[in-house]
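Me: Before we go through this model, I would like to ask how each term earns its place. Please set every value against its definition.

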Amino acid sequence: MARIGLYGGTFDPIHHGHLISARSLAEQLDLERVYLIPAARPPHKPNNVMTPVEDRLEMARRAVAGDSLFEVSDIEARRDGPSYTIDTVQRARESFGKDAELFWFIGGDSLPELPGWHRVRELVERVTIVTATRTGWRHPTASRLAEAVGDEAARRLLSNCVATPSIGISATEIRRRRSEGRSVRYLTPQVVVEYIEAHGLYQ
Ligand code: ATP
């Protein structure tokens, strides 16, 4: 049975924190493939000025070129309206079939926000949400999650927290460093650094 990871994010830009934590999850969960899915319009970041999704997709593609674990999906880029995870999961289910095991990755900082996600009760029944945690992370209380998704699903969410290496890099930091004229080398693969420079991103 296929075991597939789905990793949504803004990826503005993708960086080593994303890549290292995704590979670590894939290894621990024994996944054969991980799809990186840049969101066209993340519902939780509606007012942020974002880099066009075509650039974010291209940076992700270059970052993982030649690595058979990863694939970059433009499924959210091609869809109009907010990029709701539930819609993406439904599409993934249609294309991978009912027997595939689908895992949706989130970072530890996103788990407390999960109760606010669109149609979250349905979402947690349709996909296994796996939370990548880093050192020092404190999980939200079970009761807060249970209010949103029910006791059983809240228990599952908390038991599907997986420790991954702590890489203190964020896309915000990369954008800030660029805007200050500082180097972003080593924060993201060199091919992404080159793309950022060639296209004058984040200046
Ligand atoms: P921004 O700084 O613009 O908010 P970000 O670096 O947090 O961006 P996103 O694209 O918003 O990146 O994140 C996608 C997912 O990656 C989120 O679930 C987030 O928790 C996770 N993530 C981001 N940075 C890291 C990191 N350094 N290590 C592990 N996971 C990360």
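Reply: Accessible areas come from the Shrake-Rupley method with a 1.4 Å probe, and for residues only the protein chains shown count as cover. The accessible surface of the chain comes to about 10,400 Å², of which carbon and sulfur atoms hold 46%. This is a predicted model, in which local features need pLDDT of at least 70 and side-chain atom pairs count only at pLDDT 80 or more, while totals for chains, interfaces and linings use all residues. Residues are numbered from 1 along each chain as its sequence is written, and side-chain values use heavy atoms, with hydrogens and water left out.

Me: What makes the approach of His18 to the ligand a polar contact?

Reply: A polar contact is a pair of N or O atoms within 3.5 Å; within protein, one must be able to donate a hydrogen and the other to accept it, and residues adjacent in sequence count only if both atoms are side-chain atoms. An N or O atom in the side chain of His18 lies 2.9 Å from a ligand oxygen, so the pair meets the distance limit. A polar backbone atom of Ala171 is 2.8 Å from an oxygen atom of the ligand. Of the 600 Å² of accessible area that the ligand has on its own, the protein covers 88%.

Me: Why is the chain called as compact as a globular protein of its length?

Reply: The radius of gyration, taken over C-alpha atoms, is set against a globule rule of 2.2 Å times the number of residues to the power 0.38. For 203 residues that rule gives 17 Å, and the chain has 17 Å, so the description holds.

Me: How many of the residues count as buried?

Reply: Buried means under 20% relative accessible area (exposed is over 50%, partly exposed in between; 1.4 Å probe, protein chains only), and 46% of the 203 residues count as such.
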